[in-house]
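Colleague: I'd like a close look at one part of this model, a single residue and what surrounds it. Could you start there and work outwards?

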Amino acid sequence: MSQFDNVSVLKQGNVYFDGLCVSHTLILASGEKKTVGVILPSKLVFNTAAAEVMEVIAGSCQVKLADETTATAYTSGQSFNVPANSSFTIETLETLHYVCHFA
């Protein structure tokens with residue numbers, strides 16, 4: 001799917017790590033929440049409250065989940081799951097475009 005139809009977009013963006021990650025929140029007609037954003041080249045650690053599925057739209061990254069010892073590479077068209085109340089380290093060498101689906 002290349003677009004989301006019939007959504008509401010929160011006007012205020014989410015800016016993390018001094019602007020290295022910027023996203024906007026979408027609310028689908030069903031009430032489901034997603035964020036759409038970019039991560040500039042960096043190595044960042046995110047903490048999660050809810051479970052997430054991170055879908056890579058463009059670019060590539062290396063991700064190490066909290067309970068893993070090594071990082072896994074992801075590229076456009078792939079996704080990874082992050083458990084609730086956890087964390088992950090993501091390293092990008094180019095701008096990464098993503099959609100975060102919340103469980």
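Modeller: Let's start with Leu65. Setting aside residues up to four places away in sequence, Leu65 touches Asn81, Val82, Ser87 and Phe88. Keep in mind that this is a predicted model. Leu65 sits in strand β7, and its relative accessible area is 12%, so Leu65 counts as buried, the cut-off being under 20%. Val45 is 20 residues away from Leu65 along the chain, and their C-alpha atoms are separated by 9.7 Å.

Now the strand itself. β7 covers residues 60-65 and pairs with β8 in the antiparallel sense, over 4 bridges. Along that pairing, Ser60 stands opposite Thr75 of β8. Both strands belong to an open sheet of 4 strands, ordered β5-β10-β7-β8 with antiparallel pairing. At the edges are β5 (42-47) and β8 (72-75), each of which pairs on one side only. From one strand to the next, the twist averages 25°.

Staying in the neighbourhood, have a look at Val63. Leaving out neighbours within four places in sequence, Val63 is in contact with Glu68, Thr70, Ala71, Thr72, Tyr74, Phe80, Phe88, Thr89 and Ile90. Phe88 is therefore on the contact lists of both Leu65 and Val63, where contact means heavy atoms within 4.5 Å. Val63 also belongs to the largest nonpolar core, which has 17 residues; those touching the most other members are Ile39, Phe46, Cys61, Val63, Phe80, Phe88 and Ile90. Two or more residues of this core come from each of β5, β6 (52-58), β7, β9 (79-82), β10 (87-92) and β11 (96-102).

Several of those names come back when you look at the rings. A search of the whole structure turns up 5 aromatic pairs. One of them is Tyr16 with Phe46, edge-to-face, at 6.3 Å centre to centre and with 75° between the planes. That pair links distant parts of the chain: Tyr16 is in strand β2 (residues 14-16) and Phe46 in strand β5, 30 residues apart. The two partners differ in exposure: Tyr16 is partly exposed at 37% relative accessible area, while Phe46 counts as buried at 15%. In another pair, Tyr74 and Phe80, the ring centres are 4.9 Å apart and the planes meet at 35°, so this one is tilted. Here Tyr74 is buried at 17% relative accessible area, and Phe80 is buried too, at 3%. Ring pairs join Tyr16, Phe17, Phe46, Tyr74, Phe80 and Phe88 into a cluster, and Phe88 is the residue we met beside Leu65.

Ile39, another of the well-connected core residues, takes us to a further set of strands. In β11, the bridge partner of Ile39 is Leu96. β4 and β11 run antiparallel and are joined by 6 bridges. On the other pairing we have here, 7 bridges join β4 (residues 33-39) to β3 (residues 21-28), again antiparallel, with Leu26 opposite Lys34 of β4. β3 and β4 make a hairpin with 4 residues between them, and Gly31 in the turn has a positive phi of about 95°. One last side chain to click on is Lys33, which lies over the face of Phe102, at 4.8 Å from the ring centre.

Definitions and conventions: Residues numbered from 1 in each chain as written. Predicted model: local features only at pLDDT ≥ 70, side-chain atom pairs only at ≥ 80, totals over all residues. Heavy atoms only, no water. Pairing = 2+ DSSP bridges. Axes fitted to C-alpha atoms, helices over the stretch in contact; angles between N-to-C directions. Phe/Tyr/Trp six-rings, centres within 6.5 Å; stacked < 30°, edge-to-face > 60°. Buried < 20%, exposed > 50% of the residue type's maximum accessible area, 1.4 Å probe, protein only. Lys NZ or Arg CZ within 6 Å of the ring centre and 35° of its normal. Core = buried A, V, L, I, M, F, W, Y, C linked by side-chain atoms within 4.5 Å.
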